[in-house]
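Thanks for asking me to look through this one with you. Here are my notes, in numbered points, to read with the structure open beside you.

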Amino acid sequence: MAIADRTRIAIPLILWLTLIGAVAGAAYGYVSTTAGGGPGLYGIGRGAMSGAVIAGALSSLDAFVLEARIGAPLGRVPFLLHLGVKSLVYLGVFLLGIAAGQWLVPIPSSPGVHIGRYDILFCFAFGFAVNFLLEVDGLLGQNVLLSFVTGRYYRPRVEQRIFLIIDLKGSTATAERLGEVDFHRLLSRFVNDLTGPIVTQKGQIHKYVGDEVIATWPLAQGLKDARCLRACFGAIERLADLGPSYEREFGQRVDFRAGLHCGPVVVGEMGTVKKEIALIGDTMNTAARIVDACRASGEPVIASAALLHQLAIPTGIAARALEPIRLRGKKSPVELFALQATASHAGQIAGSMTPRAVNAVTS
């Protein structure tokens, strides 16, 4: 993602988290100071300052370092090393915030900065616990841990979802040329590079199936600003930008085909020894068949009319109606559209058209 785009998205979140940190810090500072017999007003000021520094610094680090390209190598190290390094970074930020609060809002009866070994141990333990939960959440998938904890899908429920299924082109030939180990490295790099554009557009990585990435949105969230389409074409642009680095590392560029569809699915917990939040239904099966249609027709991106008729197609994306296709396993032909980025707007998918303009677009 471009630095300007990352900044535009991250700054409001950083400011919001900084405000939350200041409020939480003020409350903690008041309680802890008055419990020790100190003046509550100083505790509020000191806590607010420390909370703001900690929240602002951590959110900035996550947005511009740990989750950005500069922090990518950290994401590829073993779990325990990754957890340990992030916990030490968090420890440093916690101690910096505590010191800033004590220095900027000194209490007359206890001037100066005072950080003891118990403060250090507590901050490290707290940072380790927070990062462990975040890493486990990352292992399970976005919001999956929270869904398990709250029991959101303990009883299956029907939800309207959008699916984007991305399939690596030429994977069989590539695997034969590179060998199993190097192909695994390429595939891992491939899914990592696709994650940014999808998550930036609020998409959830549901599952990796072989050389496929399955992403999903709740219907309303994916339709807003055509996020599902922006994610797909953002991923295409991302891989195009990274083409030279793929050539240097693997001897070839990579590309994909993609299918988009929407509709109802049943969402619920499944399994005992290994549990997951499963999404089941004809909608996901149809999305997979649309990817098969891409393979058969040579079109890189195909979306169903059921999806396109509900959203505004961003400027820079052209839609072309295909002949109705009888997808494997479907009784009736499905109306589909081939999508592609227009040459004049490549790399800047922005703006929108009216929801029904898809019917008039040809290329």
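1. A good place to begin is Asp-182, which at 30% relative accessibility counts as partly exposed. Please keep in mind throughout that this is a predicted model. The partner of Asp-182 is Arg-185: the two form a salt bridge in which the closest N and O atoms are 3.3 Å apart. Both residues lie in helix α8 (residues 180–200), three residues apart, about one turn of the helix. Arg-185 is also partly exposed, with 36% relative accessibility.

2. Further along, the side chains of Arg-189 and Asp-193 meet in another salt bridge, at 3.0 Å from N to O. These two sit four residues apart in helix α8, so about one helical turn separates them. Are they buried or exposed? Arg-189 counts as buried at 17% relative accessibility, because the cut-off for buried is under 20%. Asp-193 is buried as well, with a relative accessible area of 9%. Salt bridges with shared partners join Asp-182, Arg-185, Arg-189, Asp-193, Arg-238 and Glu-249 into one network.

3. For the pair of helices α10 (residues 227–241) and α11 (residues 243–250), have a look at how the axes run: they come within 4 Å and cross at roughly 55°. The two helices are therefore oblique to each other. Which residues meet here? From α10 come Leu-239, Ala-240 and Asp-241, and from α11 come Gly-243, Pro-244 and Tyr-246.

4. The count of salt bridges in the model comes to 17. One of them is between the side chains of Lys-169 and Asp-255, at 3.8 Å from N to O. This pair links distant parts of the chain, with the two positions 86 residues apart in numbering. Lys-169 is in the loop between β1 (157–168) and α7 (171–178), while Asp-255 is in the loop between α11 and β4 (256–270). Both partners are partly exposed: Lys-169 has 30% relative accessibility, and Asp-255 has a relative accessible area of 38%.

5. On the surface, I would point you to a nonpolar patch of about 790 Å². Its members are Phe-79, Leu-80, Leu-88, Phe-124, Phe-128, Phe-132, Leu-133 and Leu-139. Which elements give two or more residues to the patch? They are α4 (79–104) and α5 (117–140). Helix α5 gives the most, with five residues.

6. One member of that patch to pick out is Leu-139, which is found in helix α5. Leu-139 has a relative accessible area of 65%, and it counts as exposed because the cut-off for that label is over 50%.

7. For a contrast in burial, turn to Leu-308 in helix α13 (residues 305–308). At 0% relative accessibility, Leu-308 counts as buried. Where does Phe-337 lie relative to Leu-308? Phe-337 is 29 residues apart from Leu-308 along the chain, and their C-alpha atoms are separated by 8.3 Å.

8. If you only have time for a quick look, I would suggest three stops. Start with the network that includes Arg-238 and Glu-249, go on to the oblique pair α10 and α11, and finish at the nonpolar patch, to which α5 gives the most residues.

Technical notes: Residues are numbered from 1 along each chain as its sequence is written. This is a predicted model: local features need pLDDT of at least 70, side-chain atom pairs count only at pLDDT 80 or more; totals for chains, interfaces and linings use all residues. Side-chain values use heavy atoms; hydrogens and water are left out. Patches are made of residues with over 30% relative accessible area and no salt bridge: like charges are joined within 9 Å, nonpolar side chains (Val, Leu, Ile, Met, Phe, Trp, Tyr) within 5 Å. Accessible areas come from the Shrake-Rupley method with a 1.4 Å probe; for residues, only the protein chains shown count as cover. A salt bridge is a side-chain nitrogen of Lys or Arg within 4 Å of a carboxyl oxygen of Asp or Glu. Buried means under 20% relative accessible area, exposed over 50%, partly exposed in between (1.4 Å probe, protein chains only). Axes are lines fitted to C-alpha atoms, for helices over the stretch in contact, and angles run from 0 to 180 degrees between N-to-C directions. Angles under 35 degrees count as roughly parallel, over 145 as roughly antiparallel, 65 to 115 as roughly perpendicular and the rest as oblique. Contact means heavy atoms within 4.5 Å.
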